Amino acid sequence: MYSKYNFDQNPDRENTSCVKYDLRNVIFGKADVIPMWVADMDIPTPSFVIDSIKKRCNHPVLGYTFRDKQYNQAIIWWYSNRHQWNIKDSWIEFCPGVVSGLNHAIRAFTQPGDKIIIQPPVYHPFYSTVENNGRKLVHNNLIEENGIYRINFEELERLAADGAKMLILSNPHNPVGKVWTTDELTKIGNICIKHNVLIVSDEIHSDLVFKPAKHVSLASLNDNFAQHTVTFASASKTFNIAGLSSGFTIIPNAELMKKYKAELEASGAGMGNIFGTEALKAAFTPEGETWLNALLQYFQENIDLVELTLNKKLPSIKFNRPQGTYMLWVDFRKYGLTTKELNEMLIQKAGLGFNAGEDFGTSGEGFQRINIACSKATVNEMLQRLVKTFSPLEKHS
Ligand SMILES: Cc1ncc(COP(=O)(O)O)c(C=O)c1O
């Protein structure tokens, strides 16, 4: 597709204190793997976002700041336009990143020892945020059939009835790429409300959704759900600004908002930073939307490449197209390798730095999460290396 944006650029990110590139030795024990792991993009942050930061830097002072009216207005516009959810100014509050927000929410809304439900395989900090705060993790494992994941509603209800105080939902679900439907969200909402389980919905990937899938915020479905849900999101994944450590929460329930604010204040983390504010105001705009639509098209083409190549050359590797997120959840189990053997082959032989599936929970064993938010050239190189390394195993599998 013609696009006025050039996503083929491959910016050189080395020696920029970049987690994805400059920590390869620490993470993989090898400094030259192609890094397709941590969820940021090898796609330049859009120029209109960079320009907004440069413009602010033209002023000689970077003293204390607050988030102005336009900041909330940009979020309100984005949600109404992109997600058909009309949110109010008073429902919005800052978080210094979504993981930080989850920590604050756990401390604001639960007590030490309380049970908190997560749905593995799931984004690994969900485990640590619960455990680091002295709460008890309870697992409602997703059910997988032929690579399609669904929620075990019977088990969810059992855990909710058994006294769990909070559910941390990932929507779209990282790492399996599922965009939960209105029907699924309604079932979750009804179960949680029936048993007084607070829903904390991490929707950081909500803008990265491929048609015909459509992101729906659980809290947007009805007022009852809105009153029982704390939603976290950010412009960081969508516009590649994770280094600005800025996100936001949407809390329609005034009592919950009061508790969240108190926790934010108690930790002294509420100031945020001016660049996060300016970047969001530049991103959540019609220009941002045009750029995002082109980006999603580019990702679809990257996913096409992976699908075509794996189906043709490595049919033992199973993979379903994600409905959302730029991460692919890829199943290597047919090769019958141990997790250690698989990781070694990928890192040492193929020179590829993916996220090992087991990092998302034991049900992720034998899977890898591959980040395709990069140029087609990088995706092609990754595929060539996979084919070279794994084709000898094809005839035995
Ligand atoms: C589901 C999910 N939540 C939160 C985060 C991190 O958010 P932040 O950098 O705002 O803490 C990520 C990053 O990969 C994620 O995938």
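Me: Of the 397 residues of the protein chain, what percentage count as buried?

Reply: A residue is judged buried by the number of other C-beta atoms around its own, with 20 or more within 10 Å as the cut-off. In this predicted model, 45% of the 397 residues meet that criterion.

Me: How should I read the radius of gyration of the protein chain?

Reply: One compares the value with what a compact globule of 397 residues would have, which is near 21 Å. The protein chain has 21 Å, so the two agree. Along the principal axes, its C-alpha atoms fill a box of roughly 60 × 55 × 40 Å.

Me: Which secondary structure elements make up the protein chain, and how many are there?

Reply: There are 15 helices and 15 strands. As for contacts between residues at least 6 apart in sequence, 73% join residues at least 24 apart.

Me: Into which domains is the protein chain divided?

Reply: Domain 1 consists of 19-44 + 287-390, and domain 2 covers 49-285. Their centres, taken over C-alpha atoms, are separated by 25 Å.

Me: How many residues of each domain are in contact with the other?

Reply: The size of an interface is often given as the accessible area lost when the parts come together. Here a count of residues is available instead: 27 residues of domain 1 are in contact with 31 residues of domain 2. On the side of domain 1 that touches domain 2, the elements giving two or more residues are α13 (286-313) and β12 (327-331). The largest share, six residues, comes from α13.

Me: How do the residues of that side of domain 1 divide by character?

Reply: Ten are nonpolar, ten are polar and seven are charged.

How values were computed
Residues numbered from 1 in each chain as written. Predicted model: local features only at pLDDT ≥ 70, side-chain atom pairs only at ≥ 80, totals over all residues. Helix = DSSP H or I, 4+ residues; strand = E, 2+ residues; numbered from the N terminus. Rg over C-alpha atoms; globule rule 2.2 N^0.38 Å. Buried ≥ 20, exposed ≤ 12 C-beta atoms within 10 Å, placed from the backbone. Contact = placed C-beta atoms within 7 Å. Domains from an automatic or database assignment. Nonpolar A, V, L, I, M, F, W, Y, C, P; charged D, E, K, R; others polar.
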